[in-house]
Amino acid sequence: PTAATDKGRKAAAMSEALSKAAAAYKDWTSLCVFDEKTNVVHSTVEADKNELKDFLTAFVDRSTTVGKGLTFAGDHYDVHRWTESLAYGRKGVPGDCQGICLHKVKSKNGDKYAVVTWGGLSTSARIIPELQEFCKNNVATLN
């Protein structure tokens, strides 16, 4: 086997492991995990490289991120909360909205990012701790 073949097998195994771990979170509409070079490790939707590039700068400046919002899978979300490792918000109107959370995670080999969306009656108060737990147990340990 070549180095490229081995790398492909490892990537597929990581994606499968993340998929199995994410299955526990039934209210997530979509999930994308990627690295600081926008290499997608696992995604349940078609990830747009330009959108992922924008996410890399989301934690540089609060005002810019809150003002600009986040765009994921072609949908724009207003950001209403920002910390040094979390940016989250929603689109739509009360009773008919979808939420988003982008989480920056320190890992052994550089920063990783996870973005999750949700809808229905789910709230950020429940989804964000789930994403943090998922990242702590599954994303922070990625090579």
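This passage describes the sheet, the helices packed against it, the nonpolar cores and several individual residues of a predicted model. Residues are numbered from 1 along each chain as its sequence is written, and side-chain values use heavy atoms, with hydrogens and water left out. Because the model is predicted, local features need pLDDT of at least 70 and side-chain atom pairs count only at pLDDT 80 or more, whereas totals for chains, interfaces and linings use all residues.

Helices (H or I, at least four residues) and strands (E, at least two) are DSSP runs, numbered from the N terminus, and two strands are taken to pair if DSSP finds at least two bridges between them. On this basis the model contains an open sheet of 7 strands in the order β2-β1-β7-β6-β5-β4-β3, with antiparallel pairing. The edge strands, each of which pairs on one side only, are β2 (40-43) and β3 (70-72). From one strand to the next the twist averages 25°, where axes are lines fitted to C-alpha atoms, for helices over the stretch in contact, and angles run from 0 to 180 degrees between N-to-C directions.

Strand β1 (residues 28-35) is joined to the antiparallel β2 by 3 bridges, and V33 has H42 of β2 as its bridge partner. The pairing of β1 with β7 is also antiparallel and extends over 7 bridges, with W28 standing opposite W118 in β7. Between β6 and β7 there are 9 bridges, again in the antiparallel sense, and these two strands form a hairpin with 2 residues between them; within this pair, K104 is bridged to Y113 of β7. Burial is assigned by relative accessible area, buried meaning under 20%, exposed over 50% and partly exposed in between (1.4 Å probe, protein chains only). Since 8 of the 9 residues of β7 are buried, this strand is largely enclosed by the rest of the structure.

Helix α4 (residues 124-139) lies across β1, β5 (86-93), β6 and β7 (110-118), and runs at about 30° to β6. The largest nonpolar core, a core being a set of buried Ala, Val, Leu, Ile, Met, Phe, Trp, Tyr and Cys residues joined through side-chain atoms within 4.5 Å, has 21 residues, of which W28, V33, C101, L131, F134 and V139 touch the most other members. Two or more residues are given to this core by each of α1 (3-22), β1, β5, β6, β7 and α4, and the largest share, 6 residues, comes from α4. When neighbours within four places in sequence are left aside, L131 is in contact (heavy atoms within 4.5 Å) with W28, C101, H103, A114 and V116. A second, separate core of 16 residues includes L52, F59, Y77 and V79.

In helix α2 (residues 49-56), the residues E51, L52 and F55 are buried. They lie on the same side of α2, because they cover an arc of only 100° around the axis, the arc being that of the directions from the helix axis to the C-beta atoms. The cover over the buried residues of α2 includes β1, β2, β3, β6 and β7. At the start of this helix, a side-chain oxygen of D48 comes to within 2.7 Å of the backbone nitrogen of N50.

Two serines make side-chain polar contacts, defined as a pair of N or O atoms within 3.5 Å, of which, within protein, one must be able to donate a hydrogen and the other to accept it, and for which residues adjacent in sequence count only if both atoms are side-chain atoms. S107, in strand β6 (residues 96-107), counts as buried at 15% relative accessibility, and its side chain makes such a contact with that of K112 (3.1 Å). Apart from neighbours within four places in sequence, S107 is in contact with K112, V139, A140 and L142. S122, in the loop between β7 and α4, is likewise buried, at 13% relative accessibility; its side chain makes a polar contact with the side chain of R126 (3.1 Å), and S122 touches D27 and I127 when residues up to four places away in sequence are not counted.

Positive phi angles were computed for two non-glycine residues, T38, at about 65°, and A73, at about 55°. T38, in the loop between β1 and β2, is buried with a relative accessible area of 5%, whereas A73, in the loop between β3 and β4 (75-82), counts as partly exposed at 40%.
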